[in-house]
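Could you open the structure in your viewer and keep the selection box handy? We will go from stop to stop, picking out a few residues each time.

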Amino acid sequence: RDEGIFSFDRKSGKFHQPKGTSSHGKSQKVIRSIFQDSKGRIWLGTGNGVNLFDPKTEEYKSFTGDSAMPLNNQVYQIIEDLPGGKLLVATFRGGLQLLDPETGKFKIYKQTGSNKGPLTNNIMCIEPAGNGIYLLGTYGGGLNIFDINKDTFGFITENEGLNNNVVYGILHGGGDEYWLSTNRGLCRYNIKTKTGKSFGLKN
């Protein structure tokens, strides 16, 4: 959280901290996510945008979706849309951001009050659901369903049987079922039937 990233050598049992250079340093010491894309590139989700890290030169290249407001670039997760190759970036306050690695340009989806944006700008996690569909766990907006082909969003909240509108993590459980970690324990939710079962300390 406060010191960036480290590499660990299994043979020597020693740690090394790549710091980059003054002109190619990481944009923030807070690292919440590490992702390797289909081309082998290493991306870091920082407290201020996305960094591309080169382990050979130990240099960083920084990308931010909203340069005017650094707090909108707190990255919690990065995944890749295949075969499109764009990166889906979950940010807190900054909505869902799509980064084109080749151009460095972002497309940002923020709360709009319609199906053209997420229910909240606080995106915690992303889970692919196939055919260009992505499930977004949000802080306060429940489960959002993003269709990257249609540029539209659907919403599943407590009104649709979700146990809580804060979703920190999503794990596919097979078929239409997904496991969600929430402020009220675990929830096994079926996105087709829109029914869920909660699991807490009593379990």
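What follows is a short walk through a predicted model.

**Stop 1: the largest pocket**

Begin by selecting Ile5, Phe6, Ser7, His16, Pro18, Ile34, Ile42, Leu44, Phe53, Pro55 and Glu58, the residues that line the largest pocket. The volume of this pocket is about 170 Å³. How do the residues of the lining divide into nonpolar, polar and charged? Colour them by type and you will find eight nonpolar, two polar and one charged.

**Stop 2: a hairpin**

Keep Ile34 and Ile42 from the pocket lining in view, and add strand β3 (residues 31-36) and strand β4 (residues 42-46). These two strands pair in the antiparallel sense, over five bridges. To see one place where they face each other, select Gln36, which stands opposite Ile42 in β4. Together β3 and β4 make a hairpin, with five residues between them. Now click on Gly40 in the turn: its phi is positive, at about 85 degrees.

**Stop 3: Met124 and its surroundings**

Next, select Met124, in strand β11 (residues 123-130). Is Met124 buried or exposed? It counts as buried, because its relative accessibility is 10% and the cut-off for buried is under 20%. Which residues does Met124 touch, leaving aside those up to four places away in sequence? Show Tyr76, Gln77, Ala90, Phe92, Gly137, Thr138, Tyr139, Val167 and Tyr168 to have them on screen. For a distance to try in the viewer, take Met124 and Glu158: they are 34 residues apart in sequence, and their C-alpha atoms are 17 Å apart in space.

**Stop 4: the aromatic cluster**

From the contacts of Met124, keep Tyr76, Phe92, Tyr139 and Tyr168. Ring pairs link these four residues into a cluster. Across the model, the count of aromatic pairs comes to 10. Zoom in on one of them, Tyr139 with Tyr168: the ring centres are 6.4 Å apart and the planes meet at 65 degrees, so this pair is edge-to-face. The pair links distant parts of the chain, 29 residues apart, with Tyr139 in the loop between β12 (133-138) and β13 (143-147) and Tyr168 in strand β15 (residues 167-174). Switch on the surface here: Tyr139 is partly exposed, with a relative accessible area of 37%, and Tyr168 is partly exposed too, at 36%.

**Stop 5: backbone details in the loops**

A word of background before the last selections: most residues other than glycine have a negative phi, and most peptide bonds are trans.

- Select Leu82 and Pro83: the peptide bond from Leu82 to Pro83 is cis, with omega near 5 degrees. Pro83 is in the loop between β7 (74-81) and β8 (86-92).
- Move on to Asn131, in the loop between β11 and β12. Its phi is positive, near 55 degrees, in a residue other than glycine. Asn131 counts as exposed because its relative accessibility is 75%, with the cut-off at over 50%.
- Finish at Lys194, in the loop between β17 (185-190) and β18 (195-199). The phi of Lys194 is a positive value near 55 degrees. Is Lys194 buried, partly exposed or exposed? At 43% relative accessibility, Lys194 counts as partly exposed.

How values were computed. Residues numbered from 1 in each chain as written. Predicted model: local features only at pLDDT ≥ 70, side-chain atom pairs only at ≥ 80, totals over all residues. Heavy atoms only, no water. 1 Å grid on protein atoms, 1.4 Å probe; cavity = no way out; pocket = protein on both sides within 12 Å on 5 of 7 lines; lining within 4 Å. Points joined across faces, edges and corners; volume = space filled by probe spheres on them. Nonpolar A, V, L, I, M, F, W, Y, C, P; charged D, E, K, R; others polar. Helix = DSSP H or I, 4+ residues; strand = E, 2+ residues; numbered from the N terminus. Buried < 20%, exposed > 50% of the residue type's maximum accessible area, 1.4 Å probe, protein only. Contact = heavy atoms within 4.5 Å. Phe/Tyr/Trp six-rings, centres within 6.5 Å; stacked < 30°, edge-to-face > 60°. Pairing = 2+ DSSP bridges.
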